[in-house]
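Here is a quick tour of one chain, starting from a single residue and working outwards. Have the model open while you read.

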Amino acid sequence: MPALSRRQALTTAAALATAAAGLAAPATAATAAGHHDPHVPAPFDEVYRGRRIQGRPATGAHAHHGTGYTVLVDGVELHLMRNADGTWISVVSHYAPVPTPRAAARAAVDELRGAALLPFPAN
């Protein structure tokens with residue numbers, strides 16, 4: 001078997017990288033075409049324990065929190081944060097990480113025990 005020259009190895013590596021980039025492009029195009037991104041939780045709108053909770057991907061002014069997701073409890077934004085391990089916490093249930101924004105909204109409703117959620121002050 002002939003030895004692989006450095007030039008041949010670099011050419012092969014470049015060709016493989018180009019092919020891999022070409023395979024990743026359709027996935028990006030599919031997301032841009034309106035298909036669900038697996039890293040962004042699905043929207044929800046429900047009544048939980050008599051409180052309306054809603055969640056959806058963040059847009060506009062709501063996108064500044066960095067989570068990419070907005071949750072409302074009775075129309076008031078619940079400040080959410082995403083942990084490095086993918087769990088979610090809110091300003092109401094800060095020490096109890098949950099797997100989804102919906103679970104964070106439900107945990108906040110449980111913690112509020114009927115009290116109104118006050119708007120989180122802007123910086």
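In which strand is Gln54 found? Strand β2, which covers residues 51-57. Keep in mind that we're looking at a predicted model.

## Starting from Gln54

Gln54 counts as buried because its relative accessible area is 15%, and the cut-off for buried is under 20%. The side chain of Gln54 has a polar partner: it makes a polar contact with the side chain of Asp45, at 3.4 Å.

What else does Gln54 touch once neighbours within four places in sequence are set aside? The list runs to Phe44, Asp45, Thr70, Val71 and Leu72. Phe44 and Asp45 belong to strand β1 (residues 44-48), while Thr70, Val71 and Leu72 fall in β3 (69-73).

## The β1-β2 hairpin

Strands β1 and β2 run antiparallel, joined by five bridges. Together they make a hairpin with two residues in between. Across the pair, Tyr48 sits opposite Arg51 of β2. In the turn itself, Arg49 has a positive phi of about 50°.

How do the two faces of β1 differ, covered or uncovered? Phe44, Glu46 and Tyr48 make up the covered face, with Asp45 and Val47 on the uncovered one. That fits a general pattern: in a regular strand, side chains alternate between the two faces of the sheet. Asp45, on the uncovered face of β1, is also the polar partner of Gln54.

## Helix α2 and what covers it

Now for helix α2, twelve residues long (101-112). From first C-alpha to last, α2 reaches 16 Å, close to the 16 Å expected at 1.5 Å a residue. Its buried residues are Pro101, Ala104, Ala105, Ala108, Val109 and Leu112. They cover an arc of only 140° around the axis, so they lie on the same side of α2.

Which strands help cover those buried residues of α2? The cover includes β1, β2, β3, β4 (76-78), β5 (80-82) and β6 (88-90). Just past the end of α2, Arg113 takes a positive phi of about 50°.

## The whole chain

Stepping back, the chain has two helices and six strands, in the order α-β-β-β-β-β-β-α along the sequence. Of its 123 residues, 24% count as buried. The accessible surface comes to about 8300 Å², with 61% of that belonging to carbon and sulfur atoms.

As for contacts with a separation of 6 or more, 34% are between residues 24 or more positions apart.

Note on methods: Residues are numbered from 1 along each chain as its sequence is written. This is a predicted model: local features need pLDDT of at least 70, side-chain atom pairs count only at pLDDT 80 or more; totals for chains, interfaces and linings use all residues. Side-chain values use heavy atoms; hydrogens and water are left out. Helices (H or I, at least four residues) and strands (E, at least two) are DSSP runs, numbered from the N terminus. Buried means under 20% relative accessible area, exposed over 50%, partly exposed in between (1.4 Å probe, protein chains only). Contact means heavy atoms within 4.5 Å. Accessible areas come from the Shrake-Rupley method with a 1.4 Å probe; for residues, only the protein chains shown count as cover. A polar contact is a pair of N or O atoms within 3.5 Å; within protein, one must be able to donate a hydrogen and the other to accept it, and residues adjacent in sequence count only if both atoms are side-chain atoms. Two strands pair if DSSP finds at least two bridges between them. The expected span of a helix is 1.5 Å times one less than its number of residues. The arc is that of the directions from the helix axis to the C-beta atoms.
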